[in-house]
Amino acid sequence: MNLSLHYMNTFTRKLFLQRIIGAAGAGMIAQTGFAKDFFVKKPLISNNPGLPCPAPALAASSAKAAGFVVHPDGIVDLHCHPSLKMYLWNKKMWKQHHPRPGANPIAMQDDLHELSTGFFKGLLCAHYLVEAAQQRWDLLKKLYGVISRVLPNLAGKIEKEDFTNFTQVNVMIDTLEMQVHKVNKYQNRIHFVIARSFLEFENAIKKGQIPIAHTIEGGHALGRLKPLSPERIALRKAALQLAPEPAPDPNDSSRHIQHLIAFKARGVCLMTLGHFFENDLVHPVEGISPDTKAKIGMKWEYSPSKDCALEPIGVDVVNKMLD
(Lines give C-alpha, C1' and ligand atoms only; values in the text may rest on other atoms or scores of the structure.)
Protein backbone atom coordinates (compact mmCIF):
# COMPACT_ATOMS: atom_id res chain seq x y z
CA MET A 1 0.00 0.00 0.00
CA ASN A 2 1.41 3.38 -1.03
CA LEU A 3 0.13 6.53 0.66
CA SER A 4 1.16 9.98 -0.48
CA LEU A 5 2.66 12.70 1.65
CA HIS A 6 1.81 15.11 -1.16
CA TYR A 7 0.91 18.64 -0.26
CA MET A 8 -2.82 18.12 0.16
CA ASN A 9 -3.38 21.85 0.64
CA THR A 10 -2.60 22.26 -3.07
CA PHE A 11 -5.05 19.63 -4.33
CA THR A 12 -8.03 17.96 -2.76
CA ARG A 13 -7.42 14.25 -2.25
CA LYS A 14 -9.95 13.40 -4.97
CA LEU A 15 -8.36 15.76 -7.49
CA PHE A 16 -4.87 14.54 -6.65
CA LEU A 17 -5.86 10.90 -7.16
CA GLN A 18 -7.65 11.78 -10.40
CA ARG A 19 -4.53 13.48 -11.72
CA ILE A 20 -2.24 10.61 -10.78
CA ILE A 21 -4.57 7.88 -12.07
CA GLY A 22 -5.32 9.84 -15.22
CA ALA A 23 -1.64 10.41 -15.89
CA ALA A 24 -0.85 6.73 -15.40
CA GLY A 25 -3.66 5.75 -17.74
CA ALA A 26 -2.36 8.11 -20.40
CA GLY A 27 1.14 6.72 -20.09
CA MET A 28 2.66 9.92 -18.68
CA ILE A 29 3.75 8.08 -15.57
CA ALA A 30 4.76 4.43 -15.83
CA GLN A 31 6.52 1.99 -13.55
CA THR A 32 9.55 1.21 -15.63
CA GLY A 33 11.51 -1.62 -14.08
CA PHE A 34 11.63 -3.31 -17.49
CA ALA A 35 10.82 -0.28 -19.61
CA LYS A 36 14.01 1.32 -18.30
CA ASP A 37 16.19 -1.42 -19.76
CA PHE A 38 14.43 -1.10 -23.11
CA PHE A 39 14.70 2.66 -23.32
CA VAL A 40 18.27 2.86 -22.05
CA LYS A 41 19.55 0.13 -24.34
CA LYS A 42 17.74 1.64 -27.35
CA PRO A 43 17.81 5.43 -26.87
CA LEU A 44 14.63 6.88 -28.30
CA ILE A 45 14.54 10.55 -27.46
CA SER A 46 17.55 12.43 -26.17
CA ASN A 47 17.42 14.88 -23.27
CA ASN A 48 20.51 16.43 -24.85
CA PRO A 49 19.81 18.23 -28.15
CA GLY A 50 23.40 17.58 -29.22
CA LEU A 51 22.96 13.81 -29.23
CA PRO A 52 21.53 12.05 -32.30
CA CYS A 53 18.26 10.21 -31.83
CA PRO A 54 15.38 8.92 -33.95
CA ALA A 55 12.44 11.15 -34.72
CA PRO A 56 9.75 11.20 -31.99
CA ALA A 57 7.26 9.44 -34.25
CA LEU A 58 9.72 6.59 -34.80
CA ALA A 59 10.49 6.48 -31.08
CA ALA A 60 6.82 6.20 -30.24
CA SER A 61 6.20 3.45 -32.78
CA SER A 62 9.23 1.49 -31.51
CA ALA A 63 8.01 1.73 -27.94
CA LYS A 64 4.47 0.73 -28.88
CA ALA A 65 5.83 -2.28 -30.74
CA ALA A 66 7.52 -3.33 -27.50
CA GLY A 67 4.23 -3.10 -25.64
CA PHE A 68 4.70 0.24 -23.89
CA VAL A 69 2.20 3.07 -23.75
CA VAL A 70 3.97 6.26 -24.80
CA HIS A 71 3.03 9.87 -24.15
CA PRO A 72 4.96 12.81 -25.62
CA ASP A 73 5.69 14.07 -22.12
CA GLY A 74 7.88 11.05 -21.47
CA ILE A 75 8.26 8.55 -18.65
CA VAL A 76 8.60 9.11 -14.93
CA ASP A 77 10.25 6.14 -13.20
CA LEU A 78 8.19 5.53 -10.08
CA HIS A 79 10.68 3.22 -8.38
CA CYS A 80 14.47 3.19 -8.68
CA HIS A 81 17.38 2.74 -6.27
CA PRO A 82 20.37 4.99 -7.03
CA SER A 83 20.77 5.92 -3.36
CA LEU A 84 20.90 2.24 -2.36
CA LYS A 85 23.81 1.64 -4.76
CA MET A 86 25.55 4.79 -3.56
CA TYR A 87 25.06 3.86 0.10
CA LEU A 88 26.01 0.18 -0.10
CA TRP A 89 28.53 0.05 -2.93
CA ASN A 90 29.83 3.63 -3.08
CA LYS A 91 28.62 4.03 -6.66
CA LYS A 92 29.01 7.45 -8.27
CA MET A 93 26.29 9.10 -10.32
CA TRP A 94 28.78 10.69 -12.74
CA LYS A 95 30.61 7.46 -13.64
CA GLN A 96 29.81 5.13 -16.52
CA HIS A 97 28.09 1.87 -15.56
CA HIS A 98 26.88 -1.01 -17.69
CA PRO A 99 23.66 -2.43 -16.24
CA ARG A 100 22.17 -5.52 -17.83
CA PRO A 101 18.47 -6.01 -18.53
CA GLY A 102 16.61 -7.34 -15.50
CA ALA A 103 17.63 -7.16 -11.86
CA ASN A 104 20.87 -5.34 -11.07
CA PRO A 105 21.60 -5.66 -7.34
CA ILE A 106 25.06 -4.09 -7.67
CA ALA A 107 25.29 -2.30 -11.03
CA MET A 108 24.15 1.34 -11.06
CA GLN A 109 21.26 1.95 -13.47
CA ASP A 110 20.51 5.63 -12.83
CA ASP A 111 23.68 7.53 -13.64
CA LEU A 112 24.39 10.61 -15.75
CA HIS A 113 25.25 8.56 -18.83
CA GLU A 114 22.21 6.29 -18.68
CA LEU A 115 19.81 9.17 -18.08
CA SER A 116 21.20 11.63 -20.63
CA THR A 117 19.60 9.60 -23.41
CA GLY A 118 16.27 7.86 -23.55
CA PHE A 119 12.72 8.86 -22.78
CA PHE A 120 13.09 9.81 -19.12
CA LYS A 121 11.58 12.93 -17.62
CA GLY A 122 11.86 12.29 -13.89
CA LEU A 123 12.62 9.81 -11.13
CA LEU A 124 11.06 8.79 -7.83
CA CYS A 125 14.05 7.55 -5.86
CA ALA A 126 13.08 4.87 -3.33
CA HIS A 127 15.38 4.99 -0.31
CA TYR A 128 15.49 1.42 0.95
CA LEU A 129 17.33 0.37 4.10
CA VAL A 130 18.22 -3.33 3.85
CA GLU A 131 16.46 -5.23 6.64
CA ALA A 132 18.70 -7.10 9.07
CA ALA A 133 16.32 -10.07 9.19
CA GLN A 134 17.38 -10.95 5.64
CA GLN A 135 20.36 -12.64 7.24
CA ARG A 136 18.13 -15.65 7.90
CA TRP A 137 17.76 -16.25 4.14
CA ASP A 138 20.03 -18.92 2.65
CA LEU A 139 22.26 -16.75 0.44
CA LEU A 140 22.83 -13.97 2.95
CA LYS A 141 23.24 -16.45 5.79
CA LYS A 142 26.20 -17.93 3.89
CA LEU A 143 27.67 -14.59 2.85
CA TYR A 144 27.09 -12.42 5.89
CA GLY A 145 30.01 -13.80 7.89
CA VAL A 146 32.38 -13.20 4.99
CA ILE A 147 30.93 -9.74 4.36
CA SER A 148 31.35 -8.82 8.02
CA ARG A 149 35.05 -9.74 7.90
CA VAL A 150 35.95 -8.48 4.42
CA LEU A 151 33.62 -5.47 4.15
CA PRO A 152 32.87 -4.38 7.72
CA ASN A 153 31.62 -0.96 6.57
CA LEU A 154 29.08 -2.66 4.29
CA ALA A 155 27.84 -4.88 7.10
CA GLY A 156 27.30 -1.76 9.20
CA LYS A 157 24.97 -0.31 6.55
CA ILE A 158 22.26 -2.89 7.17
CA GLU A 159 19.49 -1.63 9.46
CA LYS A 160 20.16 -1.61 13.20
CA GLU A 161 16.52 -2.55 13.95
CA ASP A 162 15.98 0.40 16.25
CA PHE A 163 15.31 4.12 15.86
CA THR A 164 18.72 4.71 14.28
CA ASN A 165 17.07 3.35 11.11
CA PHE A 166 15.79 6.90 10.66
CA THR A 167 19.35 8.23 10.79
CA GLN A 168 20.57 5.67 8.25
CA VAL A 169 17.86 6.59 5.74
CA ASN A 170 18.70 10.26 6.17
CA VAL A 171 22.32 9.43 5.33
CA MET A 172 21.08 7.77 2.13
CA ILE A 173 19.08 10.88 1.23
CA ASP A 174 22.08 13.12 2.02
CA THR A 175 24.32 10.96 -0.16
CA LEU A 176 21.99 11.23 -3.14
CA GLU A 177 21.59 14.99 -2.76
CA MET A 178 25.36 15.54 -2.49
CA GLN A 179 25.96 13.50 -5.64
CA VAL A 180 23.24 15.41 -7.51
CA HIS A 181 24.95 18.67 -6.50
CA LYS A 182 28.30 17.41 -7.76
CA VAL A 183 27.01 16.03 -11.04
CA ASN A 184 25.29 19.34 -11.79
CA LYS A 185 28.41 21.33 -10.92
CA TYR A 186 30.86 19.49 -13.14
CA GLN A 187 28.85 18.90 -16.34
CA ASN A 188 26.24 20.67 -18.45
CA ARG A 189 24.67 17.78 -20.34
CA ILE A 190 21.59 17.58 -18.15
CA HIS A 191 20.51 19.25 -14.93
CA PHE A 192 18.97 17.30 -12.06
CA VAL A 193 16.63 18.90 -9.54
CA ILE A 194 15.58 17.61 -6.12
CA ALA A 195 11.83 18.27 -6.27
CA ARG A 196 10.21 18.79 -2.88
CA SER A 197 6.69 19.34 -4.17
CA PHE A 198 4.50 18.29 -7.07
CA LEU A 199 4.77 21.82 -8.51
CA GLU A 200 8.59 21.73 -8.40
CA PHE A 201 8.51 18.34 -10.14
CA GLU A 202 6.28 19.64 -12.95
CA ASN A 203 8.23 22.88 -13.37
CA ALA A 204 11.53 21.02 -13.67
CA ILE A 205 10.15 18.89 -16.50
CA LYS A 206 8.87 22.01 -18.29
CA LYS A 207 12.38 23.51 -18.07
CA GLY A 208 13.98 20.41 -19.60
CA GLN A 209 15.49 19.35 -16.27
CA ILE A 210 15.20 15.91 -14.65
CA PRO A 211 13.45 16.10 -11.27
CA ILE A 212 14.16 13.58 -8.52
CA ALA A 213 11.59 13.08 -5.77
CA HIS A 214 12.37 11.30 -2.51
CA THR A 215 10.33 8.23 -1.57
CA ILE A 216 10.82 5.57 1.11
CA GLU A 217 10.47 1.82 0.77
CA GLY A 218 9.30 0.23 4.01
CA GLY A 219 7.91 1.68 7.23
CA HIS A 220 10.90 0.30 9.15
CA ALA A 221 12.64 3.50 8.00
CA LEU A 222 10.75 5.29 10.79
CA GLY A 223 12.40 3.02 13.37
CA ARG A 224 11.59 -0.15 15.32
CA LEU A 225 10.55 -0.63 18.91
CA LYS A 226 11.82 -4.21 18.92
CA PRO A 227 14.40 -6.10 16.83
CA LEU A 228 13.56 -9.13 14.68
CA SER A 229 16.89 -10.79 13.91
CA PRO A 230 18.37 -13.22 16.49
CA GLU A 231 21.70 -11.38 16.61
CA ARG A 232 20.14 -8.05 17.46
CA ILE A 233 17.69 -9.59 19.91
CA ALA A 234 20.69 -11.02 21.79
CA LEU A 235 22.48 -7.66 21.70
CA ARG A 236 19.37 -5.94 23.02
CA LYS A 237 19.06 -8.39 25.92
CA ALA A 238 22.71 -7.93 26.81
CA ALA A 239 22.34 -4.13 26.76
CA LEU A 240 19.29 -4.31 29.04
CA GLN A 241 21.21 -6.45 31.52
CA LEU A 242 23.91 -3.80 31.73
CA ALA A 243 21.49 -0.86 31.83
CA PRO A 244 17.92 -1.91 32.62
CA GLU A 245 15.17 0.37 31.36
CA PRO A 246 11.37 0.26 31.29
CA ALA A 247 9.83 -1.77 28.48
CA PRO A 248 8.63 0.49 25.65
CA ASP A 249 4.91 0.97 25.10
CA PRO A 250 4.18 -1.21 22.03
CA ASN A 251 1.53 1.26 20.89
CA ASP A 252 3.54 4.47 21.36
CA SER A 253 3.80 6.08 17.92
CA SER A 254 5.31 9.40 19.04
CA ARG A 255 8.81 8.82 17.63
CA HIS A 256 7.46 7.32 14.41
CA ILE A 257 5.32 10.44 13.89
CA GLN A 258 8.28 12.73 14.64
CA HIS A 259 10.35 10.93 12.02
CA LEU A 260 7.50 10.98 9.52
CA ILE A 261 7.18 14.76 9.90
CA ALA A 262 10.94 15.16 9.47
CA PHE A 263 10.90 13.11 6.25
CA LYS A 264 8.03 15.21 4.93
CA ALA A 265 9.94 18.39 5.73
CA ARG A 266 12.85 17.33 3.53
CA GLY A 267 10.62 16.49 0.58
CA VAL A 268 9.66 12.82 0.92
CA CYS A 269 6.44 12.45 -1.07
CA LEU A 270 5.58 8.75 -0.69
CA MET A 271 6.24 5.81 1.63
CA THR A 272 5.50 2.12 1.20
CA LEU A 273 4.23 0.90 4.56
CA GLY A 274 5.29 -2.75 4.42
CA HIS A 275 8.21 -4.68 2.98
CA PHE A 276 9.76 -8.14 3.39
CA PHE A 277 9.30 -8.35 7.16
CA GLU A 278 6.84 -7.07 9.72
CA ASN A 279 7.51 -3.69 11.20
CA ASP A 280 5.82 -1.53 13.83
CA LEU A 281 3.21 -0.41 11.28
CA VAL A 282 2.13 -3.47 9.33
CA HIS A 283 2.81 -7.10 8.41
CA PRO A 284 4.23 -8.03 4.99
CA VAL A 285 2.18 -9.25 2.06
CA GLU A 286 3.01 -11.54 -0.85
CA GLY A 287 4.91 -9.69 -3.53
CA ILE A 288 7.98 -11.62 -4.69
CA SER A 289 8.11 -13.94 -7.68
CA PRO A 290 8.89 -17.65 -7.06
CA ASP A 291 12.10 -17.55 -9.13
CA THR A 292 13.47 -14.60 -7.14
CA LYS A 293 12.71 -16.41 -3.88
CA ALA A 294 14.53 -19.50 -5.10
CA LYS A 295 17.62 -17.56 -6.24
CA ILE A 296 18.38 -16.06 -2.85
CA GLY A 297 16.77 -18.69 -0.65
CA MET A 298 14.07 -16.44 0.78
CA LYS A 299 12.50 -17.83 3.92
CA TRP A 300 9.14 -16.33 3.09
CA GLU A 301 6.93 -16.03 6.12
CA TYR A 302 3.66 -14.89 4.57
CA SER A 303 0.44 -16.83 4.34
CA PRO A 304 -3.17 -15.60 3.99
CA SER A 305 -3.79 -16.75 7.55
CA LYS A 306 -1.33 -14.07 8.68
CA ASP A 307 -3.27 -11.23 7.10
CA CYS A 308 -3.55 -8.54 9.75
CA ALA A 309 -5.01 -5.08 10.03
CA LEU A 310 -2.70 -2.14 10.56
CA GLU A 311 -0.99 -2.15 13.93
CA PRO A 312 -2.05 0.70 16.26
CA ILE A 313 1.16 2.53 15.39
CA GLY A 314 0.38 1.97 11.72
CA VAL A 315 -3.06 3.52 12.16
CA ASP A 316 -1.51 6.62 13.75
CA VAL A 317 1.12 6.90 11.00
CA VAL A 318 -1.41 6.47 8.17
CA ASN A 319 -3.75 9.05 9.70
CA LYS A 320 -0.85 11.49 9.91
CA MET A 321 0.12 10.76 6.28
CA LEU A 322 -3.45 11.45 5.17
CA ASP A 323 -3.48 14.69 7.15
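# A tour of the structure

Select Cys-269 to begin: this residue is partly exposed, with a relative accessible area of 22%. The cut-off for buried is under 20%, so the 22% of Cys-269 does not count as buried. Keep in mind throughout that the model is predicted.

**The whole protein**

Now zoom out and show the whole protein as a cartoon. Its secondary structure comes to 13 helices and 7 strands. Of the 323 residues in the protein, 46% are buried. Switch to a surface view: the protein exposes about 16700 Å², and carbon and sulfur atoms supply 61% of that area. Among the contacts with a separation of 6 or more, 76% are between residues 24 or more positions apart. Several of the stops below pair residues that are separated in the sequence.

**Strand β4 and its partners**

Select residues 120–127, which form β4. Of its 8 residues, 7 are buried, so β4 is largely enclosed by the rest of the structure.

Which strands pair with β4? One of them is β3, residues 75–80, which pairs with β4 in the parallel sense over 4 bridges. Another is β6, residues 210–217, paired with β4 in the parallel sense over 5 bridges. To see one position of the pairing with β6, select Leu-124, which stands opposite Ala-213 in β6.

On the β3 side, select Cys-80, which stands opposite Cys-125 in β4. Is Cys-80 buried or exposed? With a relative accessible area of 3%, Cys-80 is buried. A search of the whole structure finds 0 disulfides. Cys-80 is accordingly in no disulfide, and the nearest cysteine sulfur, that of Cys-125, is 5.4 Å away. A disulfide needs the two sulfur atoms within 2.5 Å, so the 5.4 Å between these two does not qualify.

Stay in strand β3 and select Val-76. Val-76 is buried, at a relative accessible area of 6%. Add Pro-211 to the selection: Val-76 and Pro-211 are 135 residues apart along the chain, while their C-alpha atoms are separated by 9.3 Å.

**The loop before β4**

Go to Ser-116, in the loop between α5 (112–115) and β4. What does the side chain of Ser-116 make a polar contact with? The partner is the side chain of Arg-189, at 2.7 Å. Ser-116 has 0% relative accessibility and so counts as buried.

**The loop between α4 and α5**

Two residues are worth selecting in this loop. Take Asn-90, which lies between α4 (82–89) and α5. Phi of Asn-90 is near 60°, a positive value in a residue other than glycine. Most residues other than glycine have a negative phi.

Then select Pro-105, also placed in the loop between α4 and α5. Is Pro-105 buried or exposed? Its relative accessible area is 63%, so Pro-105 is exposed. Leaving aside neighbours within four places in sequence, Pro-105 is in contact with Lys-85 and Trp-89. Add His-81 as well: Pro-105 and His-81 are 24 residues apart in sequence and 9.5 Å apart in space, C-alpha to C-alpha.

**Glu-161**

Move on to Glu-161, found in the loop between α7 (152–155) and α8 (164–185). Glu-161 is not a glycine, yet has a positive phi of about 60°. Glu-161 counts as buried, at 3% relative accessibility.

**Towards the C terminus**

Select Asp-307, whose place is in the loop between α12 (290–296) and α13. At 48% relative accessibility, Asp-307 counts as partly exposed. Show Pro-284 with it: Asp-307 and Pro-284 are 23 residues apart in sequence, and their C-alpha atoms are 8.4 Å apart in space.

The last stop is helix α13, residues 312–322. Which residues of α13 are buried? Ile-313, Gly-314, Val-317, Val-318 and Met-321 are. They cover an arc of only 130° around the axis, which puts them on the same side of α13. An α-helix has 3.6 residues a turn, so residues three or four places apart point the same way. View α13 along its axis to see the side on which these buried residues lie.

Definitions and conventions: Residues are numbered from 1 along each chain as its sequence is written. This is a predicted model: local features need pLDDT of at least 70, side-chain atom pairs count only at pLDDT 80 or more; totals for chains, interfaces and linings use all residues. Side-chain values use heavy atoms; hydrogens and water are left out. Buried means under 20% relative accessible area, exposed over 50%, partly exposed in between (1.4 Å probe, protein chains only). Contact means heavy atoms within 4.5 Å. Accessible areas come from the Shrake-Rupley method with a 1.4 Å probe; for residues, only the protein chains shown count as cover. A polar contact is a pair of N or O atoms within 3.5 Å; within protein, one must be able to donate a hydrogen and the other to accept it, and residues adjacent in sequence count only if both atoms are side-chain atoms. The arc is that of the directions from the helix axis to the C-beta atoms. Two strands pair if DSSP finds at least two bridges between them.
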